[in-house]
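Subject: Structure handover

Hello,

Please find the structure below. Notes on what was found in it follow.

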Amino acid sequence: MEKKTIGAFISALRRAHGMTQRELGERLFVSDKTVSRWERDECTPDLSLIPEIADIFGVTADELLRGERKAAPVTTEQHALTTDTDTPRKDARSERQFKHLLDRRLTKYRNLSLISAGIGLFGLIVAAIINLGALRAYIAFGISLIFLLGAAICQICFLMTFRMKNDDEDEADERRTTLAAFNEKTLLTAKNVLWLLFELLAFCLPLTLTGNAYYGLNFDSWLLYGLSYAAVGLIASHSIYELLIRRLLIRKQLLSDSPTYPAQRRLLGRSLCLLIAVGIVTLLAVGIVQSLESTTFVRPYVFETKEEFIDFMAIRDSREDYYSWDEGGNIFVNVDSVPVEPSDTILGGEKDEPIDEDFTLDSALTDYVYDQDGNVLFSYVNRRQSARIELSDTADRFPIKVYTQALIRRGNAIIESITTAIILAYGVFGAVTVAVYIKKRMDLGKNE
């Protein structure tokens with residue numbers, strides 16, 4: 001007695017309905033090879049496919065699992081009559097099964113999309129380890145770029161694999177609508193993943209600003225500039241998508257048109273113009289503040305007499321830097337550690353040159369004040385070599401203003417504080433603008 005199996009029963013039903021393995025596979029969203037394996041009893045269909053297969057061939061799920069019909073097979077005319085009476089019920093059930101299969105396919109696609117996003121995030125983690133641990137910012141950016149490109153390619157491949165063809169004119173309008181909605185969801189999922197990858201690229205872009213392949217970017221600077229670049233990238237990418245790409249996709253009938261889309265575009269345009277206008281004003285304000293001298297924000301030491309000035313310049317301030325630098329940027333001499341006796345480093349000459357016996361530390365640090373005719377008024381020992389001295393235009397060059405290195409650093413700190421405050425103010429303004437835009441965008445969506 002011939003053994004009755006699901007595979008043999010599927011094969012018999014398929015032939016009785018004049019279907020090929022490929023046609024059956026297309027209706028079930030599986031390959032013809034999978035159908036062939038079913039019919040050879042190498043494997044069995046997934047349980048979720050049993051109701052759909054039974055519905056296609058007009059049998060019950062129990063009959064399909066048994067591998068035979070319970071009653072005698074009916075003739076073609078009888079089957080046609082029975083089918084005609086049950087057509088509305090079977091069509092509704094078939095449509096439900098079709099939507100269920102699409103939902104499973106969409107879930108699988110979104111799970112694979114998480115893999116693409118995970119690859120991009122892993123590239124960011126690797127870049128952070130290389131930059132902060134090995135101090136190789138350029139290499140870190142290159143590796144992050146490789147991971148992000150790989151993730152983008154994976155996502156595009158997933159999209160091409162899971163999209164369904166919707167060009168069969170024999171399909172019912174309801175099924176074509178369902179397929180169009182499915183394809184739109186896959187496209188929007190791919191858009192969100194690629195959007196995330198672009199933001200990660202913008203966050204890693206400051207790694208190229210170190211200016212040296214053997215330097216790393218410290219965490220604070222990377223976080224500050226990375227978030228700034230990501231914010232700019234978010235605004236730019238969203239604007240390009242809404243104003244250009246989405247319009248193109250709607251024209252190609254890859255996305256469904258929205259009745260509120262023109263209003264959304266106008267809202268985006270106004271918000272973008274406002275952000276750009278305020279951003280230009282912010283950049284101008286930052287440029288003006290950065291162009292100011294650090295001495296603008298601090299009060300110098302003012303001396304009306306020669307004695308006060310000489311005494312002040314001869315005192316070492318522990319808060320100030322006492323280093324001279326050569327042309328290569330290397331420390332040339334630490335004034336605080338200069339010995340009383342001369343050395344080759346201080347003199348900058350050859351070892352066999354004669355040493356000046358009159359050389360002392362004070363003579364090495366002696367500077368002069370000149371009158372308007374170039375005559376020496378007096379000399380002083382300048383132990384504040386990093387100070388900035390401003391002489392008046394009077395004949396005796398008094399009063400004399402002195403900006404020490406501590407004052408200059410204080411002025412630079414004030415400039416940086418003002419710059420940071422301006423940038424933060426623009427950031428708060430941008431966040432409020434984006435929040436208002438999202439709120440109005442949601443209100444437009446509710447009116448659809």
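Helix H15 (residues 405-446) lies across E1, E6 and E7, at about 65° to E7. Helices (H or I, at least four residues) and strands (E, at least two) are DSSP runs, numbered from the N terminus. Axes are lines fitted to C-alpha atoms, for helices over the stretch in contact (heavy atoms within 4.5 Å). Angles run from 0 to 180 degrees between N-to-C directions.

This is a predicted model: local features need pLDDT of at least 70, side-chain atom pairs count only at pLDDT 80 or more, and totals for chains, interfaces and linings use all residues. Residues are numbered from 1 along each chain as its sequence is written, and side-chain values use heavy atoms, with hydrogens and water left out.

The sheet under H15 is open, with three strands in the order E1-E7-E6 and antiparallel pairing; two strands pair if DSSP finds at least two bridges between them. Strand E1 (301-303) and strand E6 (388-391) are at the edges with a single partner strand each, so one side of each has no neighbour in the sheet. From one strand to the next, the twist averages 20°. Three antiparallel bridges join E1 to strand E7 (residues 400-403), and Tyr301 has Val402 in E7 as its bridge partner.

As for cysteines, there are zero disulfides, a disulfide being a pair of cysteine sulfur atoms within 2.5 Å. The sulfur of Cys157 has its closest cysteine sulfur in Cys154, at 6.5 Å, which is too far for a bond. Cys157 is partly exposed at 43% relative accessibility, while Cys273 is exposed at 56% (buried is under 20% relative accessible area, exposed over 50%, partly exposed in between; 1.4 Å probe, protein chains only).

Regards
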